[in-house]
Amino acid sequence: MKEPMSPCGYEKLCAELRRLKEEERPQIVKEIDRAREHGDLKENAEYHAAKEKQAFIEARINDLSHILANAQVIDPSTLSHHKVSFGSTVKVLNLETDKEVIYTIVGSLESDPARGLISCSSPIAKSLMGREKGEEVIVVLPSGENELEILDIFYQDSAHAKH
């Protein structure tokens, strides 16, 4: 299944993959070679640490390659945001607490709830998707139900969002 992702999120992962392949991988090979020169590999802590780091790097390269191969890059700036959709920034009023909150709906790998970036597969985002300004929605969370009123919907580049 394709994972939605913003162009910015996709580029960040591509940059990490390039760094791992072009810088980290060659560096760890050199570290392993240097550690081998110290002799007995059974009790060589430098060698074992380098091999462990190499395994981590290779696993991350594999993960990133898989993620990027399955990414569906969606440029939210090209979408209409008169209804809540991927990339929308949504200002809501929690009708129980009378608090305003701003969420930006992003791909699951880009989510950062502390910054207001919520995954499109989260209960809140699922409840908001396709809704319009002025609508009230009930969000079912593990902590119970919340009733939210959509105050505004707009596009704001999540890379520059200040939540």
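Reader: Which cysteine sulfur is closest to the sulfur of Cys14, and how far away is it?
Author: This is a predicted model, and in it Cys14 sits buried at a relative accessible area of 13%. A disulfide would need the two sulfurs within 2.5 Å. The closest cysteine sulfur to that of Cys14 is too far for a bond: it belongs to Cys8, at 11 Å.

Reader: And Cys120, buried or exposed, and what is its relative accessibility?
Author: The sulfur of Cys120 has its closest cysteine sulfur in Cys8, 16 Å off, so that gap is too far for a bond. As for cover, the cut-off for buried is under 20%. Cys120 counts as buried, with a relative accessibility of 16%.

Reader: So how many disulfides does the structure hold?
Author: Cys14 is too far from its closest cysteine sulfur for a bond, and the same verdict goes for Cys120. The total number of disulfides in the structure is zero.

Reader: Zooming out, what pattern does the protein chain follow along the sequence?
Author: There are three helices and seven strands to place. Reading along the sequence, you get β-α-α-β-β-β-β-α-β-β.

Reader: What is the radius of gyration of the protein chain, against what the globule rule gives?
Author: The C-alpha atoms fill a box of roughly 70 × 35 × 30 Å along the principal axes. For 163 residues the globule rule gives 15 Å, and the chain is well over that, so it is more spread out than a compact globule. Its radius of gyration is 22 Å.

Reader: What share of the contacts with a separation of 6 or more comes from residues 24 or more positions apart?
Author: For background, buried residues make up 35% of the 163 residues in the chain. Among contacts with a separation of 6 or more, the share from residues 24 or more positions apart is 53%.

Reader: Where is Pro76, and which residues does it touch, leaving out those up to four places away in sequence?
Author: Pro76 lies in the loop between strand S2 (71-73) and strand S3 (88-94). Despite being in a loop, Pro76 is buried, at 5% relative accessibility. Leaving out residues up to four places away, Pro76 touches Pro7, His81, Phe86, Gly87 and Tyr155.

Reader: How far apart in space are Pro76 and Tyr155, C-alpha to C-alpha?
Author: Tyr155 is one of the residues that Pro76 touches. In sequence the two are 79 residues apart, while in space their C-alpha atoms are separated by 7.4 Å.

Key: Residues are numbered from 1 along each chain as its sequence is written. This is a predicted model: local features need pLDDT of at least 70, side-chain atom pairs count only at pLDDT 80 or more; totals for chains, interfaces and linings use all residues. Side-chain values use heavy atoms; hydrogens and water are left out. Buried means under 20% relative accessible area, exposed over 50%, partly exposed in between (1.4 Å probe, protein chains only). Helices (H or I, at least four residues) and strands (E, at least two) are DSSP runs, numbered from the N terminus. The radius of gyration is taken over C-alpha atoms; the globule rule is 2.2 Å times the number of residues to the power 0.38. Contact means heavy atoms within 4.5 Å.
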